[in-house]
Amino acid sequence: MQTIHTFTQLNFDVGQGVATITLNRPEQLNALTSAMTGELLAAFKTCASEETIRCVVLTGAGRGFSAGQDLTEFGQLSQPRHITRHLRQGYNRLILAMRELEKPILAKVNGVAAGAGLGLVLAADMVILSDKASLVTAFIGIGLAPDSGVSWHLQRVLGPARAFELLATGRKIKAEEALQLGLVNHVVPAEMLDATVENIAVRLAQAPTRGIGLTKRVLNRTATMSLAQALDYEAQIQAIAASTDDHQEGVQAFLQKRPPKFTGK
Ligand code: T3D
């Protein structure tokens, strides 16, 4: 493992093509401060620019993933005249940076994810939950409406009725229910979480990174298109994918009956 960045509220480690970003305020269940949000933005920027990074894992230290906005920092920020700017400069940029990063992001959810912490989970490309973890929308508990993309993501996956129920009650969604609802990819016993995620992450880091990035781009853009528009957009993006080294390598490896060796280029 190599540490390429030193942060105060995050750990950022890179090994085997995988960057692991660990939210690191365990005593506060990794509640998100403005400083931490700024560090997350910087970390995702490094993930975008560093060619050797081909997959990202986002997780939390200790027993929680993230309890969302740090409520002890909230007094000033939550005043109506500050909150829109705070969201635009912080969580909005962060969620977009995650969706626009053309590399796979795995959320390794070790414990509770609430509020904006749930927003980070839902903005990841794959979510693997410990059987001890849970998801909580949390906003309504402090009289707020959803932010950090939670309304958008929940509604897309669950439809409006179930999204409303989870947002309006703020009830805890246990791991098995999250799986049944289709909010997460896998639930594994807590003691198998690290190994399971490492296995998936290393495999993704050896996959055709540009093809995965373009897949993410297509999913992002076609979500709001008509079928005719989506077909046309896919046809344009495929021309980019077809120009990559990994496309050539995949076809050659198939024809030569050998395993492909993808470089991410
Ligand atoms: O302008 C803007 O940025 C608006 C943006 C808003 C985005 C949001 O995220 S709004 C939602 C904010 N989050 C919450 O309201 C969740 C508050 N926390 C909880 O409801 C519970 O802590 C959990 C359900 C997440 C976990 O419950 P539990 O029983 O496992 O843990 P706990 O005992 O409540 O918390 C453990 C410690 O973490 C505790 O500290 P202590 O007493 O041991 O010293 C607790 O105060 C601290 N903690 C938990 N959540 C937060 C927090 N500290 C600061 N901020 C928190 N959000």
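Which residue in strand 2 is the bridge partner of aspartate 13? Let's work that out in the first exercise, after a word on the model. This is a predicted model, so local features need pLDDT of at least 70, side-chain atom pairs count only at pLDDT 80 or more, and totals for chains, interfaces and linings use all residues. Residues are numbered from 1 along each chain as its sequence is written, and side-chain values use heavy atoms, with hydrogens and water left out.

**Exercise 1. Find the partner of aspartate 13 and describe the pairing around it.**

Step 1: Start with the elements. Helices (H or I, at least four residues) and strands (E, at least two) are DSSP runs, numbered from the N terminus. The protein has 12 helices and 10 strands.

Step 2: Look at the pair. Strand 1 and strand 2 (residues 18-23) are antiparallel and share 6 bridges; two strands count as paired if DSSP finds at least two bridges between them.

Step 3: Read off the partner: aspartate 13 is matched with threonine 20 in strand 2.

Step 4: Check the turn. This hairpin has 2 residues between its strands, and glutamine 16 takes a positive phi near 55° there.

**Exercise 2. Lay out the two open sheets.**

Step 1: Recall the background. Strands of a sheet pair through backbone hydrogen bonds, either parallel or antiparallel.

Step 2: Take the sheet of 6 strands, which is open, with mixed pairing and the order 1-2-3-5-7-10. Its edges are strand 1 (10-15) and strand 10 (186-188), each pairing on one side only. From one strand to the next, the twist averages 20° (axes are lines fitted to C-alpha atoms, and angles run from 0 to 180 degrees between N-to-C directions).

Step 3: Zoom in on a parallel pair: strand 5 (residues 105-109) and strand 7 (residues 126-130) are joined by 4 bridges. Lysine 108 has isoleucine 128 of strand 7 as its bridge partner.

Step 4: Now the open sheet of 4 strands, in the order 4-6-8-9, again with mixed pairing. Strand 4 (64-66) and strand 9 (173-174) are the edges. Strand 8 (residues 134-136) runs antiparallel to strand 9, with 2 bridges, and serine 134 sits opposite lysine 174.

**Exercise 3. Describe how the protein surrounds the ligand.**

Step 1: Collect the shell. There are 21 residues around the ligand, and Ala67, Gln69, Leu71, His86 and Ala116 come nearest (near means a heavy atom within 4 Å).

Step 2: Sort them: 12 are nonpolar, 5 polar and 4 charged. Here Ala, Val, Leu, Ile, Met, Phe, Trp, Tyr, Cys and Pro count as nonpolar, Asp, Glu, Lys and Arg as charged, and the others, Gly among them, as polar. Helix 3 (residues 80-89) gives the largest share, 3 residues.

Step 3: Pick out N or O pairs. A ligand nitrogen is 2.9 Å from a polar backbone atom of alanine 67. A ligand oxygen is 3.0 Å from a side-chain N or O atom of arginine 63.

**Exercise 4. Explain whether the size fits a compact globule.**

Solution: A compact globule of 265 residues would have a radius of gyration near 18 Å, so the protein's 19 Å agrees. That radius is taken over C-alpha atoms, and the rule is 2.2 Å times the number of residues to the power 0.38.

Definitions and conventions:
Polar contact = N/O pair within 3.5 Å; in protein donor to acceptor, adjacent residues only side chain to side chain.
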